[in-house]
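Work through the exercises below with the structure in view. Try each task before reading its solution.

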Amino acid sequence: MTAIRANVHKNEFSGIATQAFSKCLAIDPSFFAYNSEEYTVFPGFCDVHVHFREPGFYYKETIRTGSLAAAHGGYTAVCTMPNLNPVPDCRSNLSLQLSIINIDSVINIYPYGAVTVGEKGEKLSDMESMAGKVAAFSDDGRGVQSAEIMNEAMLKAKSLGKIIAAHCEDNSLLFGGYIHDGAYCRSHGHKGISSESEWKQVERDLDLVAQTGCAYHVCHVSCKESVELVRQAKKAGLNVSCETAPHYLLLDENDISEDGRFKMNPPLRAESDRLALIEGVCDGTIEIVATDHAPHSAKEKSKGLADSAFGVVGLETAFPSLYTGLVKTGVISLDRLIDLICVNPRKRFGLKPEKGFTVWNLNEEYTVDPGEFLSKGRATPFEGKKLYGKCHATVLNGETAYKG
Ligand SMILES: [Zn+2]
């Protein structure tokens, strides 16, 4: 075997990734092309928050297109949110989703099970029957409004040894808002979403965690108050983690224009929120970056800020945007970025390391063109941005999931 001269990024998975790389060299000699200092090989990335829309909303995304997009972004594992039709809220609905995953996915997919029946927030799902097959439990897409139901869910999840991953949003504080209730919103006559609608529910849930001892994860933290609440909860020794997404770390309300590709939930917040999130990443309060990849049809995203659907795609821009915006600028190290998108998510959610790797040219600069995405979704706030880092291959168990 010819020695691999590509720069294999050092961390605990690199041994496994190198094994997979060697296997690929044996199967496909064209991988010898990567034996150069031009390329960096990382273990496959892991995203604990994506929406692949199948079953139920095939026109937005499928397991197939979502997994291809993930591989294009360097991911070999993702966790899919349960806002589907049917909602995976019992063993049979979950089995339907798992059967599609088995046939169509080019990477590893670990579904979430819903916390409540139909994600309606009224009655606990059949968590017990799903526990062995799901990454964790979540009603993502909406907050669990009832503290009593959340309390019950936490007790159940704790007994099953599972995490509750919460989309925190208090519906009583929304008032029809659709972008952050800040300077841009007011000067352009829009309806705002307050930060309070997020952090009030984070605060409520952390109180419940203190009472129940449940392992708890806050999805897509977007405002400074939420970061501080999680920081204090960790200091108090609670079993708590949180994620944020690349767009909250790299963009804020000053980047918004009148276009549906700047509309997601939670919204892009103020610069002070963005800086607080970066501080949270730097001090370890935020240990996971997930994409909240949320594809919609072109039509659904074409109706401006007020009327477009909430959600943007993220899998195919996550690594390059974070590498360009945080690593090349010296805010965090490349090692820290790999921890955030690869090592920590697997650790927290108990996902096994895989024989997977992804090959990147970190010096390649290009302009983001959503027409090149493998996702069906094309709405991204990073459209037109100049980024560094291009994925040239992603391989799982010796099989090529993406090759550029
Ligand atoms: Zn959400």
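**Exercise 1.** Find which residues of α5 meet which residues of α7, and classify how the two helices are oriented.

Solution. This is a predicted model. Begin with the contacts: on the α5 side they involve Ala147, Met150, Asn151, Met154, Leu155 and Lys158, and on the α7 side Arg204, Asp205, Leu208, Val209 and Thr212. Next take the geometry. Helix α5 covers residues 147–160 and helix α7 residues 196–212; their axes are 10 Å apart and form an angle of about 45 degrees. Angles under 35 degrees count as roughly parallel, and 65 to 115 as roughly perpendicular. The pair fits neither class, and α5 and α7 are therefore oblique to each other. Their crossing is right-handed.

**Exercise 2.** State the order of the strands in the open sheet, and explain why β3 and β5 each have one side without a neighbour.

Solution. The order is β3-β4-β5, with parallel pairing. β3 (45–50) and β5 (108–111) are at the edges and each has a single partner strand, so one side of each lacks a neighbour in the sheet. From one strand to the next, the twist averages 20 degrees. Now look at one pair: β3 is joined to β4 (residues 75–80) by 4 bridges, and aspartate 47 is opposite valine 78 in β4. Finally, add helix α2 (residues 63–72), which lies across β3, β4 and β5 and runs at about 135 degrees to β4.

**Exercise 3.** Determine how many residues the largest nonpolar core has, and which helix gives the largest share.

Solution. The core has 116 residues; Ile164 is among those with the most contacts inside it. Helix α13 (residues 334–349) gives the largest share, 7 residues.

Definitions and conventions
Residues numbered from 1 in each chain as written. Predicted model: local features only at pLDDT ≥ 70, side-chain atom pairs only at ≥ 80, totals over all residues. Pairing = 2+ DSSP bridges. Axes fitted to C-alpha atoms, helices over the stretch in contact; angles between N-to-C directions. Contact = placed C-beta atoms within 7 Å. Core = buried A, V, L, I, M, F, W, Y, C linked by C-beta atoms within 7 Å. Buried ≥ 20, exposed ≤ 12 C-beta atoms within 10 Å, placed from the backbone. Parallel < 35°, antiparallel > 145°, perpendicular 65-115°, else oblique. Left-handed = near helix turned anticlockwise from the far one by under 90°.
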